[in-house]
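Hi,

Here is the structure I promised to pass on. Have a look at it first, and my notes follow underneath.

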Amino acid sequence: MPERLREPHVPDSGDDPLVDECLADEPTGVGRAQPSDDVLYARLLREEVRAEAPHRTLLDVLRVDLGLTGTKENCLEAECGVCTVLLDGQAVNSCILLAAQCAGREVVTIEGLARDGILHPLQQAFIDHGAVQCGYCIPGMILSAKAFLEERPAATEAEVREALAGNLCRCTGYQKIADAVVDAARATSERR
Ligand code: FES
Ligand code: FES
């Protein structure tokens, strides 16, 4: 399973066209937490929101307090990846993170990827490749892929498969998912 928590990385507009296109301005469906021991401040659809009880998990606060149910819940022990979100640009399992650990850091959920009604290239590629069946794993899968492609924009299929090893899918058999991620990476690099 790939490492899920490393030093924070805040993507800037020069990092990658994926970021340029979809996260350049104010992300939507995104939390920008402020330092606090007992309150998580977040931005949801450009509205400031405030969540109490940060000693619950980030997953719980996202789904229950903020209504961001695109982030899924399953094993609750960092084994399946359905709860993956981006924390300062890195893919993390929100089921094992306390909300308090996110104070002052940027949290991006799947709701934050589409901009002005236009899907993120990864989202579109998953649709184009028929890589979504029941869909339960897909938000986490796409966010893990996004974090990986920001570091490896010309990733091979083998590298994609390794990077997504921590995201389990019980439906697709992974081939269509890998194809979608490779195609999204290729399409993005060709536009450079
Ligand atoms: S619910 Fe978090 S990794 Fe499975
Ligand atoms: S599409 Fe059903 S678990 Fe992945």
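Of the contacts in the protein with a separation of 6 or more, 62% are between residues 24 or more positions apart. Keep in mind that this is a predicted model. Average pLDDT for the protein is 80, and 71% of the residues score at least 70. The stretch to be wary of is residues 1–28, where pLDDT stays under 50. The model still has 50 contacts beyond four places in sequence for that stretch.

On the overall layout, I get 6 helices and 6 strands. Read from the N terminus, the order of elements is α-β-β-β-α-β-β-β-α-α-α-α. Out of 192 residues, 47% are buried.

Now the helices. In α2, which covers residues 58–65, the buried residues include Leu58, Leu59, Val61 and Leu62. For the spacing there, remember that an α-helix has 3.6 residues a turn, so residues three or four places apart point the same way. After α2 comes Gly67, with a positive phi near 70°.

The pair I spent some time on is α3 (residues 121–128) and α4 (residues 138–151). These two helices pack with their axes 10 Å apart and at an angle of about 125°. That angle falls between 115 and 145 degrees, so α3 counts as oblique to α4. The crossing of α3 past α4 is right-handed.

Which residues make the contact? On the α3 side they are Leu122, Gln123 and Phe126, and on the α4 side Ile138, Ile142, Ala145 and Lys146. Sorted by class, that gives 5 nonpolar residues, 1 polar and 1 charged. Leu122, Gln123 and Phe126 also appear in the list of buried residues of α3, together with Pro121 and Ala125. Just after α3 there is another positive phi, about 60°, at Gly130.

Glycines aside, two residues with positive phi are worth a look:

- Ala78 has a phi of about 60°, although it is not a glycine. Ala78 sits in the loop between α2 and β4 (84–87). It has 17 C-beta neighbours inside 10 Å, so it counts as partly exposed.
- Tyr174 is not a glycine either, and its phi is positive at about 80°. You will find Tyr174 in the loop between α5 (157–163) and α6 (175–190). Tyr174 is partly exposed because 17 other C-beta atoms lie within 10 Å, and a residue needs 20 or more to be buried.

One more residue from the loop between α2 and β4 is Asn74. Is Asn74 buried or exposed? Neither, in fact: with 15 other C-beta atoms within 10 Å, Asn74 comes out as partly exposed. Beyond its neighbours within four places in sequence, Asn74 is in contact with Cys80 and Val82. I also looked at Asn74 against Cys137, which is 63 residues away along the chain. Their C-alpha atoms are separated by 9.7 Å.

If you open the model, I would start with the contact of α3 with α4, where Leu122 and Phe126 are among the α3 residues involved. After that, go to the loop between α2 and β4, which holds Ala78 as well as Asn74.

Cheers

Definitions and conventions. Residues are numbered from 1 along each chain as its sequence is written. Chains are lettered from A and ligands numbered from 1 in the order in which they are written. This is a predicted model: local features need pLDDT of at least 70, side-chain atom pairs count only at pLDDT 80 or more; totals for chains, interfaces and linings use all residues. A residue is buried if 20 or more other C-beta atoms lie within 10 Å of its own, exposed if 12 or fewer, and partly exposed in between; C-beta atoms are placed from the backbone. Helices (H or I, at least four residues) and strands (E, at least two) are DSSP runs, numbered from the N terminus. Two residues are in contact if their C-beta atoms, placed from the backbone, lie within 7 Å. Axes are lines fitted to C-alpha atoms, for helices over the stretch in contact, and angles run from 0 to 180 degrees between N-to-C directions. Angles under 35 degrees count as roughly parallel, over 145 as roughly antiparallel, 65 to 115 as roughly perpendicular and the rest as oblique. A crossing is left-handed if the near helix is turned anticlockwise from the far one by less than a right angle, and right-handed if clockwise. Ala, Val, Leu, Ile, Met, Phe, Trp, Tyr, Cys and Pro count as nonpolar, Asp, Glu, Lys and Arg as charged, and the others, Gly among them, as polar. pLDDT is the predictor's confidence in each residue, from 0 to 100.
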